[in-house]
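Colleague: I am new to this model and would like a close look at one part of it. Please pick a loop and follow the structure outward from there.

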Amino acid sequence: MRINNITTIRPNFNGRVYMNYNNMAKTIKKENNQKGFKMFKAVLGTIFKIYYRPKYVNKHFIPTEGPIILCGNHIHILDQCLPILCTKRMVHYMAKKEYFDGKFAWFFKMSGCISVDRSTKDPNATKKALEVLNNNYVLGIFPEGTRNKTDEVLLPFKYGAVSLANKADAYIV
């Protein structure tokens, strides 16, 4: 990412380092729904911290800039809370479209979530996720595609997180 003719150096997926010599400074676009996200994070994050008393380990490995995809196992309805609380950046989580049809649709829209139709390959959700990453924001995704309600440690992963990371040159954390 470049701002005012400052060139940044960032390793790519192969561990090699490359430099960006683009002469035009990248315009940083303000994230949509940032006020709603911050309000919900402050209120609900405080309640979550008081109730669960989480311990954060290695949160310093989450990059503070550039496009990243936060991935995790999904076994509980509150699984997205820890990654959100571990970074100061806004996290745009991909959420099933049913959440956007119910009485709490306003919450998911205000917090910057991306609606995903899981019954089919959803090009609209992919487009929005790539837009998030191409603007150097943070995307949250559960690679299993759904909550794991089985006794298995993990369900088979979908290819979306890796595909998006490859297309947007984003880190997966």
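Modeller: Asparagine 136 is buried, at a relative accessible area of 13%; buried means under 20%, exposed over 50%, and partly exposed in between, with a 1.4 Å probe and protein chains only. The model is predicted, so local features need pLDDT of at least 70 and side-chain atom pairs count only at pLDDT 80 or more, while totals for chains, interfaces and linings use all residues. Residues are numbered from 1 along each chain as its sequence is written, and side-chain values use heavy atoms, without hydrogens and water.

Asparagine 136 sits in the loop that joins helix 4 to strand 6; helices (H or I, at least four residues) and strands (E, at least two) are DSSP runs, numbered from the N terminus. Its phi is near 65°, which is a positive value in a residue other than glycine. Aspartate 169 also has a positive phi, of about 55°, although it is not a glycine. Aspartate 169 belongs to the loop between helix 5 and strand 7 (171-172), and with a relative accessible area of 26% it is partly exposed.

The helices that come before these two loops pack against each other. Helix 4 covers residues 123-134 and helix 5 residues 160-168; their axes are 10 Å apart, at an angle of about 45°. The axes are lines fitted to C-alpha atoms over the stretch in contact, and angles run from 0 to 180 degrees between N-to-C directions. Helix 4 is therefore oblique to helix 5, since angles under 35 degrees count as roughly parallel, over 145 as roughly antiparallel, 65 to 115 as roughly perpendicular and the rest as oblique. Helix 4 brings Thr126, Ala129, Leu130, Leu133 and Asn134 to the contact, and helix 5 brings Leu164, Lys167 and Ala168; contact means heavy atoms within 4.5 Å.

Leucine 164 can be followed further. Setting aside residues up to four places away in sequence, leucine 164 touches Thr126, Ala129, Leu130 and Leu133, and also Ile69, Met94 and Leu139.

Several of these names return in the largest nonpolar core, which has 17 residues. A nonpolar core is a set of buried Ala, Val, Leu, Ile, Met, Phe, Trp, Tyr and Cys residues joined through side-chain atoms within 4.5 Å. The members that touch the most others are Ile69, Met94, Ile114, Ala129, Leu133, Leu139 and Leu164. Strand 5 (114-116), helix 4, strand 6 (138-141) and helix 5 are the elements that give two or more residues to this core. Helix 4 gives the most, with 5 residues. There is also a second, separate core of 15 residues, and Met90, Val91, Phe108 and Phe142 are among them.

Another site worth a look is in helix 3 (residues 105-110), where methionine 110 is found. Methionine 110 is partly exposed, at 34% relative accessibility. With neighbours within four places in sequence left aside, methionine 110 contacts Asn33, Gly36, Phe37, Met39 and Phe40. Its C-alpha atom is 8.2 Å from that of lysine 35, although the two residues are 75 apart along the chain.

As for the setting, the protein has 5 helices and 7 strands, in the order β-β-α-β-α-β-α-β-α-β-α-β along the sequence. Of its 173 residues, 34% are buried. Of the contacts between residues at least 6 apart in sequence, 63% join residues at least 24 apart.
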